[in-house]
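Biologist: I'm new to this one, could you put it up and walk me through it?
Modeller: Gladly, here it is.

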Number of protein chains: 2
Amino acid sequence: MTDLNNLGSRAKAAQRLLAKAGGNAKTDALKAVAKAIDSNRSAVIAANKTDIENGRNSGLNEGLIDRLTLTDSRIDGIVDSILQIASSPDPVGKVLWGESRPNGLKIQKVSVPLGVIAVIYESRPNVTADAAALCLKAGNAVILKGGKEAINSNKAIADIMRSALEESGLPADCIILIEDNAREVTKALMTLNEYVDVLIPRGGAGLIKSVVENSTVPVIETGVGNCHTYIDSSADLDMAVKILVNAKTSRVSVCNACESLLVHKDIAEIALLAAGEALKEKGVTIRGDEAVCAVLPYAEKADDTDWGREYLDYIISAKVVDSIDEAIEHINRYGTGHSECIVTESYENANKFTSEVDAAAVYVNASTRFTDGGEFGFGAEIGISTQKLHARGPLGLANLVAEKYIVCGDGQIR
Amino acid sequence: MTDLNNLGSRAKAAQRLLAKAGGNAKTDALKAVAKAIDSNRSAVIAANKTDIENGRNSGLNEGLIDRLTLTDSRIDGIVDSILQIASSPDPVGKVLWGESRPNGLKIQKVSVPLGVIAVIYESRPNVTADAAALCLKAGNAVILKGGKEAINSNKAIADIMRSALEESGLPADCIILIEDNAREVTKALMTLNEYVDVLIPRGGAGLIKSVVENSTVPVIETGVGNCHTYIDSSADLDMAVKILVNAKTSRVSVCNACESLLVHKDIAEIALLAAGEALKEKGVTIRGDEAVCAVLPYAEKADDTDWGREYLDYIISAKVVDSIDEAIEHINRYGTGHSECIVTESYENANKFTSEVDAAAVYVNASTRFTDGGEFGFGAEIGISTQKLHARGPLGLANLVAEKYIVCGDGQIR
């Protein structure tokens with residue numbers, strides 16, 4: 001079995017050197033990494049072909065094969081993303097707060113790297129490059145554990161990145177890929193508290209749950225989104241249908257897609273007829289409560305498990321509510337704290353919804369699909385945090401740092 | 001066994017009401033709580049007498065009896081602390097960031113309550129009042145699990161607080177004390193993810209370790225401090241000895257007390273002679289490496305376990321280092337990331353130490369004893385975070401909140 005203590009201590013040692021290296025060294029190294037991936041793309045694509053073949057042989061469905069596949073244009077995307085991260089402002093060394101105390105102590109709170117970040121993720125190999133580049137820019141070493149389907153692609157990408165780092169004068173061990181797919185290795189990574197400061201799982205609900213249950217390393221939960229669109233009695237119906245259809249169908253497999261529709265009873269019939277038609281046209285199956293099924297004969301009957309489901313598919317649950325309070329209560333009960341939307345023309349209800357719904361992002365009259373690092377103006381992201389500690393919503397470079405108090409005195413004692 | 005799901009859902013429901021109540025309601029309720037503790041102090045002191053008797057009968061040592069004891073002046077302290085928290089600015093509802101995006105979306109990041117906070121703590125009953133008041137001011141419900149030695153005192157304080165909340169129109173269940181001392185209850189609390197948003201352990205290394213290992217709820221680690229004072233070759237010796245003696249002896253039982261002395265070899269003999277004398281005078285036992293023992297015949301020989309120990313006693317480990325680099329490496333290896341100090345007159349070494357030492361608070365020429373919410377100007381604190389996620393160092397009101405993005409549009413789709 002892979003010796004994780006060895007990997008962990010190498011990552012820690014590399015991170016100490018990286019932290020000393022300063023902003024320009026990180027920027028230059030990342031530019032060199034981007035260039036190396038660009039010019040070694042044939043090796044990456046060849047390794048990816050092996051993964052695709054193995055995937056087909058082991059019966060992966062076409063959706064997963066698509067997520068796994070690296071094309072020339074996807075590699076262009078990886079290169080561009082690394083270059084964008086390289087040229088972002090350094091998130092380390094910012095003075096976040098400072099004060100001179102009455103006794104003359106000068107206290108500053110500054111941003112510092114988190115240290116060693118472990119990322120456990122599933123099939124998409126571009127996460128290897130993205131996650132590593134983001135962690136590195138923020139002065140962190142990263143230990144990557146990708147899905148076994150993408151092992152050859154991940155290895156090719158990590159090898160190129162490591163060589164480029166070394167040529168730039170930074171330790172290769174700032175990026176360590178775990179190649180051992182044994183379950184015990186992943187479990188051991190989750191309890192490697194001596195060396196790992198933070199663990200970020202990136203993938204489906206099963207992965208997140210396993211990490212939360214088994215990790216003793218502090219975790220940033222990401223990505224499970226049972227997002228709702230609530231059409232209030234005062235909603236502009238055209239706008240509501242456009243927002244709903246966009247949130248549900250613009251990309252069904254992502255965490256900020258809408259999974260559940262709530263409609264106020266006073267507008268239920270007309271809203272459901274319009275929304276139902278538009279969703280049907282896009283091939284979406286509706287699973288409704290009794291009131292929904294009474295209006296839409298083509299809706300399937302929802303059962304109790306539907307309200308908590310993240311379908312990631314052309315399916316939506318739908319329910320008629322008696323009041324905005326019932327909508328908020330339903331969302332706070334079944335939602336995953338990701339992205340929630342109200343469509344309304346009421347000032348009071350907009351304020352009520354944004355105050356009382358407990359989620360990372362709460363929308364008035366806009367699609368939940370905007371919860372995204374790029375759309376929020378943060379640049380590349382490592383995931384969407386759905387927990388409350390540390391950071392909530394899109395995790396950009398600014399969230400991959402910790403704080404440190406630096407206190408300067410001239411002999412103060414207490 | 002206590003039904004934690006019932007307690008958890010009551011706390012969650014109470015928190016939703018508290019979050020709607022607004023700043024004035026919280027301030028008024030806390031003032032009423034302070035007044036109620038003030039005027040019902042005889043009940044608290046009577047309950048505390050029972051705890052002290054039980055403690056004596058079960059053989060608690062005098063140090064623990066002292067921590068357990070509530071006197072009139074300690075109750076004054078509790079009342080003052082609650083009043084101070086009541087009149088602090090509300091940490092909820094602050095706009096932390098905001099931007100209008102090119103597509104017209106208006107995004108704001110605002111501070112919101114964390115939700116339900118569980119606090120597991122040891123013998124001191126004033127934590128019951130302090131932790132509850134801090135959590136409440138930040139809009140959070142709190143589930144308290146104190147030490148069994150203080151159960152009667154904790155119950156008396158919690159009962160008074162709950163009644164005062166109710167009379168002020170806030171739900172009593174904003175503060176819930178778990179009275180069941182069964183181990184399984186504490187373990188179940190650590191996995192009550194459905195209702196508990198954050199768990200804060202406050203106590204010794206054993207408690208913290210148990211929480212980190214067993215909790216699936218996100219944890220803020222607090223309080224273990226193996227703090228170092230490093231006397232650099234360029235140090236002002238008088239200042240160094242004063243800082244060291246203060247850090248070690250002003251209060252030995254606290255987490256920001258110095259536990260280990262490092263001395264540069266070039267100044268070792270003269271520094272150790274002066275420091276050794278001053279420490280001996282205060283009754284401190286020195287456990288030194290060979291070089292230390294060669295200079296100080298009265299020093300005991302340290303073994304390998306001493307470098308990682310938090311003595312919380314009149315004992316200090318001591319070691320001679322060849323360079324500032326060795327000092328930093330030693331601290332980063334054996335320290336707990338709490339508070340670390342260099343005494344130096346060198347600009348270069350001050351910068352090197354503050355950059356490279358990985359801890360919540362790094363000091364130049366001042367005692368580590370200053371790591372404290374009050375000393376930093378944050379007001380009351382719920383503990384000192386020694387982890388990197390969310391917040392590091394003294395945890396004040398500003399750290400007991402989460403963020404939420406509120407996104408307002410007029411029909412934007414992606």
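Modeller: A term first, since we will need it for a hairpin: strands here are DSSP runs of E with at least two residues, numbered from the N terminus, and two strands pair if DSSP finds at least two bridges between them. Please keep in mind that this is a predicted model.

Biologist: OK, what is the mean pLDDT of chain A?
Modeller: The mean is 96 for chain A, with 100% of its residues at 70 or more, and the model as a whole scores ipTM 0.95 and pTM 0.94.

Biologist: Now that hairpin, how many bridges join β1(A) to β2(A)?
Modeller: Five bridges hold β1 (residues 95–100) to β2 (residues 106–113) in chain A, and the two strands run antiparallel, with A:Gly98 standing opposite A:Gln108 of β2(A).

Biologist: And which residue between those strands takes a positive phi?
Modeller: That is A:Gly104, with a phi near 95°, in a hairpin that has five residues between its strands.

Biologist: What else does β2(A) pair with?
Modeller: It is joined by eight bridges to β16(A), residues 401–412, again in an antiparallel arrangement, and there A:Lys106 faces A:Cys408 of β16(A).

Biologist: Switching to helices, how do α2(A) and α7(A) cross?
Modeller: The axes of α2(A), residues 23–39, and α7(A), residues 151–167, come within 8 Å and cross at roughly 135°, so the two helices are oblique to each other, and their crossing is right-handed.

Biologist: Which residues make that contact?
Modeller: Among them are A:Ala29, A:Val33 and A:Ile37 from α2(A), together with A:Ile160, A:Ala164 and A:Glu167 from α7(A); the full set divides into 10 nonpolar, one polar and one charged.

Conventions. Residues numbered from 1 in each chain as written. Chains lettered and ligands numbered in written order. Predicted model: local features only at pLDDT ≥ 70, side-chain atom pairs only at ≥ 80, totals over all residues. pLDDT = per-residue confidence, 0-100. Helix = DSSP H or I, 4+ residues; strand = E, 2+ residues; numbered from the N terminus. Axes fitted to C-alpha atoms, helices over the stretch in contact; angles between N-to-C directions. Parallel < 35°, antiparallel > 145°, perpendicular 65-115°, else oblique. Left-handed = near helix turned anticlockwise from the far one by under 90°. Contact = placed C-beta atoms within 7 Å. Nonpolar A, V, L, I, M, F, W, Y, C, P; charged D, E, K, R; others polar.
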